[in-house]
Amino acid sequence: MDGKGRKSAESSRLLRMVGITKGFLGVRVLTGVDLDVAPGEVHAVVGENGAGKSTLMKILAGVHAPDDGTIEIDGRRVRFGHPLDAQRAGVAIIYQEFNLLPERSVAENVFLGREPSRRGLVDAAAMIRETGRLLAELGEDSFGPRDPVKRLSVAQQQVVEIVKALSLDARIVVMDEPTAALAEHEVELLHRLVRRLQDRGLAVLYISHRLREVFDLTSRVTVLKDGARVACLDTAATGPDELIRLMVGRDLGSYFPPRSSAAGEVRLSVTGGGNAHVHDISLELRAGEIVGLAGLQGSGRTELVKALFGAEPFTTGAMTPVRPRSVREGVAAGLGLVTEDRKAEGLALRQSVRDNALLVARAAGRRVPALTALLERVRLSPPRQEQEVRYLSGGNQQKVVLAKWLVMAPDVLLFDEPTRGVDVGAKAAIHDLMRSVAEEGTAILMISSELPELIGMSDRILVLRDGRLAGELPAGVSEEAIMHLAAGEEDS
Amino acid sequence: MSTTGPRVAEASASPDGDGRTGSGGPRRLWTALDPTKVVYLALAAVIAIGWVLVALDGGAFLTTETIVGIQQRSAALGIVAVGQTLAILAGSLDLSVAYLISLSSLVAAEVMEAGSVPGGVAAVIGVSALVGLVNGLVITKLHVHAFIATLGVALIIKGVLDHLYDGPAGRVPESFQHLGYDRIGPIPVSALLWAAVAGVAWFLLAKSRYGYRVHAVGGDVEVARLSGIRTDRVVVVTHVLCSLCAGIAGLLLASRLGAGVPTVGTDGGYDLESIAAVVLGGTALAGGKGGVAGTVGGVLLLAVLDSVFNQLEVNSFFKDVVRGVVIVAAVALYARRRTS
């Protein structure tokens, strides 16, 4: 595009966000982010987990108010105090988690809160007619306006959200990782829908981790990194290599404990493991090694460790020492899982440190061991056993979760985001501890969305894509290599 | 007030379920049976079995007398349960209905003794609307869970009743007693009143915006709020309507008893029994799903069971055991259906 063309395009921007800045509790999440979109444009927003994409979109949707910066729609300055304000201004956002009532019909969901009425009564016929018309316009005939939403597939529910956006006369549609939960053939249908929206002159902001669809679908792409916009490019003028470099491009400045020398005997092995979420999983974990598990959101990482652990068991395949059918069997077989969400899944928040640390041992009917040495080992500070864990910092809470499993002296420990929401000091302590546990002969599998952590800690890295193992990378591999494999861009 | 569960959980779980239900005839039949149909099938079954049992016992089951009895016994509970249906559908519930019924019967009898019948009716409507308003406001503005809020209001009413009354009080004029005892053919006037209340509630739920909003608020408060629904207002209105239903039940009982009785509501166990009837009728206790038709079936089912046991002269302890089993079994059945 030449300079003149760009100028006329600038003046026809439907949406312009300028200098958006936002912090939560003193932590800067977005710094001076600019974003603009033209009618009929599909605009990609990409970035690593935690780059600020979702926050930016929530500001556009009126969920959060920016600390600084302006939003203009059609050249007019807008301020959104409530999601409804954004809705009235023509912004519709389709979250990964749908806002639908499963018990109600498609039409009732589309017109929720603004049902057409005649003489004071809901005009159900008009609702059904209008919903049917919009469905037909989108070429959707696999379900009708009267079908209850709970009977629809995820892809069909997404169509309902899109119809809702259209019925609101939305002109800017934000789609947050719309294909994360879709199967391959459904992705194709969704792309067709997005192009229809584009043809109608709507602006579509498309957040995706999958670079292939960024190149298939969008004309421009904004790259966010660490809460700032690092680039806005014409998609045709760039390539996956450049995008990945822009998304990750930073140094591995931090310290990680030295790697171990050699892996020992096999502690766990799976051949052809699969269930509803992950497929054809074959892997081995050996004593003394830390294996990283990489993958995009929705690639099935958490599902995989839960399958290994027995929380969402494999339904097919072989596993040694056993294929656990329940958590109890997993624990009995010497497995432990440090979950992603320690508040919901890892700890009983109102119980004491002691009770939490003994949770698994007691459930397994083990003799209650002395905790003092163990709490010292995980460097809980202060090591007070009677403290309720809800009053501890994130780092200390995570140490209690670790203690809970170390009591059992597990053969295999699975970590799902071990240092999420943990301060720098505690992070290093947890890393050291993981390494020392590995050296004592425990096999460790670790999920992390933080690539530097994954690279710094892992002896080798397994990469998941769409519920399948896409490959294995050696220690010290580059972030680009991981992203290529995780996003399925290795050939392009 | 209600639980704001994970929004996607249910939605994303269903497609898997569908995938599995695709094959097999019995499964399909099973899922085609919604709880409302189940409760009426159960009602038909209980009538048939009861008829056989009573006949074997040497009696006649479906006489005019028993039919009238069933209707009369169920009218008051039925009216309360209609109100309770609204509250539960909206994701709330009301434990204050039993004491409110007692209070309403006393207000009606005292005002009617001193003044006129219309005055008594108006006073009851005023008092019960006020109680519902308090319930709704405590739940929405003070963010007290409905269970505790309505339990607290129930205790307050109990305190007032215990302080003011030792026994029955007031007198209902004979003209008003027609409501409790008259009948048109085999249909008692009280049953017609119940039908009218149920009809109004059904109409509101199915046809009015308010009804759509009740379903939305009970289904997911957050989704409702993000769709621009004033969720607090819906809950308050619902509690006013629920309490009005309890007030009407109080009027009916006052007309039957000829006086106000401070224990009439609690003796009838209208609080827990109305909730049981609603749940038996297939309305989800978590809200958002169900309706008045099921509740009517649930109330009738309980009444027919009662009637069968009475005719067979079954021990009343055994009667309670069977009622308990029926309620638990029904809800387990609905839960099974939902997960399959």
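**View 1. The surroundings of helix α10 of chain B in this predicted model.** The buried residues of α10(B) are covered by elements that include α4 (106-110) and β8 of chain A, together with α4 (64-89), α9 (189-207), α11 (221-226) and α12 of chain B. Helix α10 of chain B spans residues 209-219, and because 9 of its 11 residues are buried, the helix is largely enclosed by the rest of the structure. The buried residues of α10(B) are B:Gly211, B:Tyr212, B:Arg213, B:Val214, B:His215, B:Ala216, B:Val217, B:Gly218 and B:Gly219.

**View 2. The contact between chain A and chain B.** Where the two chains meet, 26 residues of chain A are in contact with 25 residues of chain B. On the side of chain A that touches chain B, at least two residues are supplied by each of α3 (83-88), β8 (121-122) and α6 (154-167) of chain A. Sorted by class, this side of chain A holds 13 nonpolar, 5 polar and 8 charged residues.

**View 3. Strand β9 of chain A and its two partner strands.** Strand β9 of chain A covers residues 172-176, and since 5 of its 5 residues are buried, the strand is largely enclosed by the rest of the structure. A:Ile172, A:Val174 and A:Asp176 point one way from β9(A), while A:Val173 and A:Met175 point the other way, and all of these residues are buried. Strand β6 (residues 91-94) of chain A pairs with β9(A) in the parallel sense over 4 bridges, and A:Ile94 stands opposite A:Met175 in β9(A). Strand β10 (residues 203-207) of chain A also runs parallel to β9(A), to which it is joined by 5 bridges, and here A:Val174 has A:Leu205 in β10(A) as its bridge partner. Leaving aside residues up to four places away in sequence, A:Val173 touches A:Ala92, A:Ile94, A:Ala165, A:Leu197, A:Leu202 and A:Val204.

**View 4. The open sheet of chain A that contains β9.** In this sheet 6 strands of chain A follow one another in the order β6-β9-β10-β3-β11-β12, and the pairing is mixed. Strands β6 and β12 (228-234) of chain A stand at the edges with a single partner strand each, so one side of each is left without a neighbour in the sheet. If direction is ignored, neighbouring strands of this sheet are turned by 20 degrees against each other on average. Strand β11 (residues 220-225) of chain A and β12(A) run antiparallel and are joined by 6 bridges, with A:Arg229 in β12(A) as the bridge partner of A:Leu224. Helix α6(A) packs on the sheet, where it touches β6 and β9 of chain A, and its direction makes about 175 degrees with that of β6(A). Helix α9 (residues 240-248) of chain A also packs on the sheet, touching β3 (42-46), β11 and β12 of chain A, and the direction of α9(A) makes about 30 degrees with that of β11(A).

**View 5. The two domains of chain A and the contact between them.** Chain A is divided into domain 1 (3-248) and domain 2 (266-487), and 35 Å separate the centres of these domains, taken over C-alpha atoms. Each domain contributes to the contact, with 10 residues from domain 1 of chain A and 10 residues from domain 2 of chain A. On the side of domain 1 that touches domain 2, the largest share, 3 residues, comes from α9(A), and the residues of this side divide into 5 nonpolar, 2 polar and 3 charged.

**View 6. The largest nonpolar core and a strand pair in chain A.** The largest nonpolar core has 240 residues, of which A:Val173, A:Leu414, A:Ile444, B:Ile79, B:Val80, B:Cys245 and B:Ala249 touch the most other members. Helix α12 (residues 231-257) of chain B gives the most to this core, with 16 residues. Domain 1 (3-248) and domain 2 (266-487) of chain A both give residues to this core, and therefore the core lies between them. A:Leu414 belongs to β18(A) and stands opposite A:Leu337, in a pairing where 4 bridges join strand β17 (residues 335-338) to strand β18 (residues 412-416) of chain A and the two strands run parallel. A:Leu335 and A:Leu337 point one way from β17(A), whereas A:Gly336 and A:Val338 point the other way, and all are buried.

**View 7. B:Gly291 and the residues around it.** B:Gly291 is found in the loop between α14 (270-280) and α15 (292-312) of chain B, and it counts as buried because 23 C-beta neighbours lie inside 10 Å. Residues up to four places away in sequence aside, B:Gly291 touches B:Thr36, B:Leu205 and B:Thr283. The C-alpha atoms of B:Gly291 and B:Gly281 are separated by 7.9 Å, and these residues are 10 residues apart along the chain.

Notes. Residues numbered from 1 in each chain as written. Chains lettered and ligands numbered in written order. Predicted model: local features only at pLDDT ≥ 70, side-chain atom pairs only at ≥ 80, totals over all residues. Contact = placed C-beta atoms within 7 Å. Nonpolar A, V, L, I, M, F, W, Y, C, P; charged D, E, K, R; others polar. Buried ≥ 20, exposed ≤ 12 C-beta atoms within 10 Å, placed from the backbone. Core = buried A, V, L, I, M, F, W, Y, C linked by C-beta atoms within 7 Å. Domains from an automatic or database assignment. Pairing = 2+ DSSP bridges. Axes fitted to C-alpha atoms, helices over the stretch in contact; angles between N-to-C directions.
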